[in-house]
Amino acid sequence: MPRPETEVAPADLLLSIGSVVGHLALSRVPASLLAMVRERYDAFVLPPSPKVERAFSIAIVFHPEPSPVEAAAIVVAGPPVAVSDRRIEIRRWDFEAILETRATEPEVFRGAATCSASPGSLDTLLRVLWSIFTLRAGGALFHACGLRHGELGILAPGPSGAGKTTLARKIVNPDDVLSDEVVAVHRDRDQRWRVSGSPFWGELRRSGISMRSFPLAALVFLQRAATLRVESLRPPEALQRALGCVLSFESSAETARMSLATMTALCQEVRPVVGASALDTTGGEFLAALAPFLDGNAPEDTAVDNPRELISELRAHLKRHRIYAFRPTGSSMQPSLHSGDSLFLERVRLEDTLPGDVLVYWRPGAVPEQDALVCHRMIARVSAGRRARVYAKGDALCEIEQFEEGQDAEVLAKVRAASRDTRTWPMPGRAGSLAILAGSLARMPLLKLVRFLR
Amino acid sequence: MTMPVIGRTYSRVGHLPFRRLDDETVVLNPSNREVHVLNGTGSRIWELLAIERSVPELVRALETDGRFEVEDEIIAGDVAVFVAELVRKGLVTTPPPRSADGT
């Protein structure tokens, strides 16, 4: 009999997918499953600060996967998903979850779940949860390929076999694919539609880049054809197709009404087209054929208006490239750093830092607009159980702030060098790397983080 | 396909969500997640079935609309077939026929 895998200590995950934040308290989770979870969902993980507003919080206890014989014998009574204003019940042969709201906190659903210790089971449970809450937030999860096209987003829904993954494979830059399977749409504060990726992928088996969303410029219903053709779709037909591609596990009339209202608005406000392509149609040809239909939808201001998404993208860049450069404003680090200085960052683990290092860390707020990217000098680092407590201060400030790494904030990088006018100087650290960092500046695009650095 | 009985009344299933877009209506059946698109005439019949109506009553209402220029018998036949299809798809319901004693 195989030995049961070692279980790791309970773990907290705060995931932000589309516009919905959900908290997962995982326990009795095998080490290998937790490692997979961290890798698969990493791009959508927030520091699990209790300040962050969330749609739901669920404690998930894992149990060993049943054998095929055991699984076949499990009978689930009732509908797989039952949702009311105050209660959600989810049941399948491999997981079960119940969440409710409390009178004192009617905005947040809290509950518990048991789940088979398998990546597929957990992934499906999360898809169900996010499909429920995204719809209730006025958005939706779609069976779709999501693409980034410059600073715009394209939603390409389609049933199985319509060509979602085929289209994703044809896109030259893999980072322009938000997902080949499940994509989130939601409205921003100005009620404009936006599209974002998800950790739920299909055959491409990737895990997403970041939480970044893009203004939705086209709704392209995919279908296979002998030749490439992109043409407008009448709203009633678009609505019918859209309803067929929404990820929904509920069958209540109320949910159907909600779904119909959301999809109607989407199909009326974002120009729907049908995108029929052949197997030999390239990604470039497809996007070129789509281009005339995008122009009318491009909003005037496509800049990201949300620090959380942009910081998550910075984290993704640092994870991919290790180093980055940007030009913040702010006066808290004077006289060492001035507003407008170029800062060269290097991704770092907290345990590799020393007092005196200038760190860049992500401090989440209650809502995405309140997230902050902070650049302050570490005064001290103290072990506090499984986590470290960091004490930091802006050079120009008197107040010392403290945070628990991995809980209240997440350290992303340290500042290795700064540049002002034509002079570049190292921050405390290994000066030998300076030439490499400075030389990287020409190749690195600058992120629009100016407004968000404190 | 079961043909509708002339004289029986029909009405749309009350909880089904639907939307009128342009001249067409999209109806969503949550029990089986089917989505139906009704054309202009179908949309009008759907509207009329907000209350119980018989096939002859539907035909009279469509004639009043001035939608058709063909014989009543043809319209009645087409409407009857359409209503039967709506019943088959679970979008329209009909009360059970009353027995001779009225029960």
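**Exercise 1. In the predicted model, determine which residue of β7(A) stands opposite Arg87(A), and place this pair within the sheet.**

Step 1. The residue opposite Arg87(A) in β7(A) is Glu100(A).

Step 2. The strands concerned are β6 (residues 87-92) and β7 (residues 95-102) of chain A, which are paired antiparallel through 6 bridges. A hairpin of 2 residues links β6(A) to β7(A).

Step 3. On the preceding side in sequence, β5(A) and β6(A) also run antiparallel, joined by 3 bridges. Val81(A) faces Ile90(A) of β6(A) here, and the hairpin from β5(A) to β6(A) passes through 3 residues.

Step 4. These strands belong to an open sheet of 8 strands in chain A, with mixed pairing and the order β3-β1-β2-β4-β8-β7-β6-β5. Its edges are formed by β3 (45-46) and β5 (81-83), each of which pairs on one side only.

**Exercise 2. State in which sense β1 and β2 of chain A pair, parallel or antiparallel, and identify the bridge partner of Ser16(A) in β2(A).**

Step 1. Strand β1 of chain A covers residues 11-17 and strand β2 covers residues 20-27; their pairing is antiparallel, over 7 bridges.

Step 2. Within this pairing, Ser16(A) has Val21(A) as its bridge partner.

Step 3. The loop that runs from β2 to α1 (31-41) of chain A contains Arg28(A). Although Arg28(A) is not a glycine, its phi is positive, at about 55°.

**Exercise 3. Decide whether Asp371(A) is buried or exposed, and describe its surroundings.**

Step 1. Asp371(A) is located in the loop connecting β19 (358-363) to β20 (372-384) of chain A.

Step 2. The relative accessibility of Asp371(A) is 1%, and the residue therefore counts as buried; the cut-off for this class is under 20% relative accessible area.

Step 3. Neighbours within four places in sequence are set aside. The contacts of Asp371(A) are then Leu46(A), Pro307(A), Arg308(A), Ile311(A), Trp362(A), Arg363(A), Pro364(A) and Gly365(A).

Step 4. With one of these, Arg308(A), the side chain of Asp371(A) makes a polar contact, side chain to side chain, at 2.8 Å.

**Exercise 4. Examine two further loops of chain A: where does Gln191(A) lie, and which peptide bond involving Pro335(A) is cis?**

Step 1. Gln191(A) is situated in the loop between β12 (182-187) and β13 (193-196) of chain A. Its phi is near 65°, a positive value in a residue other than glycine.

Step 2. Gln191(A) has a relative accessible area of 48%, so this residue is classed as partly exposed.

Step 3. The cis peptide bond is that from Gln334(A) to Pro335(A), with omega near 0°. Pro335(A) belongs to the loop between β17 (323-326) and β18 (342-347) of chain A.

**Exercise 5. Characterise each chain as a whole: how many helices and strands are there in chain A and in chain B?**

Step 1. Chain A contains 9 helices and 24 strands. Of its 454 residues, 54% are buried.

Step 2. For contacts in chain A with a separation of 6 or more, 67% are between residues 24 or more positions apart.

Step 3. Chain B has 3 helices and 6 strands, arranged along the sequence as β-β-β-β-α-β-α-α-β. Buried residues account for 38% of its 103 residues.

Step 4. In chain B, 55% of the contacts between residues at least 6 apart in sequence join residues at least 24 apart.

**Exercise 6. Describe the interface between chain B and chain A, and identify which residue of chain A forms a salt bridge with Glu24(B).**

Step 1. In this interface, 14 residues of chain B contact 18 residues of chain A.

Step 2. About 1400 Å² is buried between the two chains, with carbon and sulfur atoms giving 68% of this area. On the chain B side, the residues that lose the most area to chain A are Arg19(B), Leu21(B) and Arg33(B), which together give 35% of what that side buries.

Step 3. The count of salt bridges between the chains is 1. The partner of Glu24(B) is Arg234(A), and their closest N and O atoms are 2.1 Å apart.

Step 4. There are also 6 residue pairs in polar contact between the chains, both residues being at pLDDT 80 or more. At least two residues of the chain B side come from each of β2 (18-21), β3 (24-29) and β4 (34-38) of chain B. By class, the residues of that side comprise 8 nonpolar, 2 polar and 4 charged.

Note on methods. Residues are numbered from 1 along each chain as its sequence is written. Chains are lettered from A and ligands numbered from 1 in the order in which they are written. This is a predicted model: local features need pLDDT of at least 70, side-chain atom pairs count only at pLDDT 80 or more; totals for chains, interfaces and linings use all residues. Side-chain values use heavy atoms; hydrogens and water are left out. Two strands pair if DSSP finds at least two bridges between them. Helices (H or I, at least four residues) and strands (E, at least two) are DSSP runs, numbered from the N terminus. Contact means heavy atoms within 4.5 Å. Buried area is the accessible area (1.4 Å probe) that two parts lose on being put together, summed over both. A salt bridge is a side-chain nitrogen of Lys or Arg within 4 Å of a carboxyl oxygen of Asp or Glu. A polar contact is a pair of N or O atoms within 3.5 Å; within protein, one must be able to donate a hydrogen and the other to accept it, and residues adjacent in sequence count only if both atoms are side-chain atoms. Ala, Val, Leu, Ile, Met, Phe, Trp, Tyr, Cys and Pro count as nonpolar, Asp, Glu, Lys and Arg as charged, and the others, Gly among them, as polar. Buried means under 20% relative accessible area, exposed over 50%, partly exposed in between (1.4 Å probe, protein chains only).
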